[in-house]
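Here is a brisk report on one chain. It starts with a single residue and works outward to the fold.

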Amino acid sequence: MIHKVSTTIVTVGNTLVLNCTADSVYPPSYSWKSGDQPITNTSRVNVSSGGGGGGRSGLLLVRQVAYNDSGVYTCVATNSIGQDTADFPVVVQGGWILFVF
């Protein structure tokens, strides 16, 4: 079972970090999707497994977030017993705007 989370709010230009943790006797492997599209590593995006929980977590890191990074990200945990998914809603908000008169 994957631990569910509430909506994550991040500011434009900052880094988004989503951590997916599953409870299982058999350690799962993790992947991430946005819509039906798998997310892969790029210069701005890093997908990894491991971290806390005895290697039972999947991490999604997106640097320099933009408005179009808003949406629902899905964590997929898979092991020899089966598969579980959890949705991670993300809202990207604008930063400060300074007007000089």
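Glutamine 64 is exposed, at 54% relative accessibility. The cut-off for that class is over 50%, so the label follows from the value. The model is predicted. Glutamine 64 sits in the loop between β6 and β7. Its phi is positive, about 50°, although the residue is not a glycine.

**The overall chain**

The chain holds 1 helix and 8 strands. From the N terminus, the order is β-β-β-β-β-α-β-β-β. The chain has 101 residues, and 30% of them are buried. Its accessible surface comes to about 6300 Å². Carbon and sulfur atoms account for 56% of that surface. Among contacts with a separation of 6 or more, 59% join residues 24 or more positions apart.

**The loop between β6 and β7**

Aspartate 69 lies in the loop between β6 (57–62) and β7 (71–78). Is aspartate 69 buried or exposed? It is buried, with a relative accessible area of 8%. Buried means under 20%, so aspartate 69 qualifies at 8%. Leaving aside neighbours within four places in sequence, aspartate 69 contacts Arg44, Val62, Gln64, Val90 and Val92. Glutamine 64, the residue with the positive phi, is thus one of the contacts of aspartate 69.

How many salt bridges does a search of the whole structure find? The count is 1. The side chains of aspartate 69 and arginine 44 meet in a salt bridge, at 3.0 Å from N to O. Arginine 44 lies in the loop between β4 (37–38) and β5 (45–50), and aspartate 69 in the loop between β6 and β7, so the pair ties together parts 25 residues apart in sequence. The partners fall into two accessibility classes. Aspartate 69 is buried, while arginine 44 is partly exposed, with a relative accessible area of 29%.

**The nonpolar core**

In soluble globular proteins, nonpolar side chains tend to be buried together. Here the largest nonpolar core has 21 residues. Those with the most contacts inside it are Leu16, Leu18, Trp32, Leu60, Tyr73 and Phe88. Strands β2, β3, β5, β6, β7 and β8 each give two or more residues to this core. The largest share, 4 residues, comes from β8.

Leucine 16 shows how one core residue is surrounded. Not counting neighbours within four places in sequence, leucine 16 is in contact with Thr8, Val10, Leu60, Leu61, Val62, Val65, Tyr73 and Val90. Of these, Leu60 and Tyr73 are also listed among the residues with the most contacts inside the core.

The structure has 1 aromatic pair. The rings of tryptophan 32 and phenylalanine 88 have centres 5.1 Å apart and planes at 65°, so the pair is edge-to-face. Tryptophan 32 lies in strand β3 and phenylalanine 88 in strand β8, so the pair ties together parts 56 residues apart in sequence. Tryptophan 32 and phenylalanine 88 are both buried.

**Strand β8 and its partners**

Phenylalanine 88 lies in strand β8. So does aspartate 87, and so does proline 89, with the strand covering residues 83–93. Aspartate 87 is partly exposed, with a relative accessible area of 45%. Proline 89 is also partly exposed, at 26% relative accessibility.

Which residues does aspartate 87 touch, not counting those up to four places away in sequence? They are Val5, Val72, Tyr73 and Thr74. With neighbours within four places left aside, proline 89 contacts Ser6, Thr7, Thr8, Gly71 and Val72. Val72 thus appears in both sets.

Two pairs show how residues far along the chain come together in space.

| Pair | Sequence separation | C-alpha to C-alpha distance |
|---|---|---|
| Proline 89 and threonine 8 | 81 residues | 6.2 Å |
| Aspartate 87 and serine 34 | 53 residues | 9.5 Å |

**The surface**

Val25, Tyr26 and Ile81 make a nonpolar surface patch of about 360 Å². Valine 25 belongs to the loop between β2 (16–21) and β3 (29–34). At 68% relative accessibility, valine 25 is exposed.

Key
Residues numbered from 1 in each chain as written. Predicted model: local features only at pLDDT ≥ 70, side-chain atom pairs only at ≥ 80, totals over all residues. Heavy atoms only, no water. Buried < 20%, exposed > 50% of the residue type's maximum accessible area, 1.4 Å probe, protein only. Contact = heavy atoms within 4.5 Å. Areas by Shrake-Rupley, 256 points an atom, 1.4 Å probe, with all protein chains shown as cover. Patch = residues over 30% accessible without salt bridge, like charges linked within 9 Å, V, L, I, M, F, W, Y side chains within 5 Å. Salt bridge = Lys/Arg side-chain N within 4 Å of Asp/Glu carboxyl O. Core = buried A, V, L, I, M, F, W, Y, C linked by side-chain atoms within 4.5 Å. Phe/Tyr/Trp six-rings, centres within 6.5 Å; stacked < 30°, edge-to-face > 60°.
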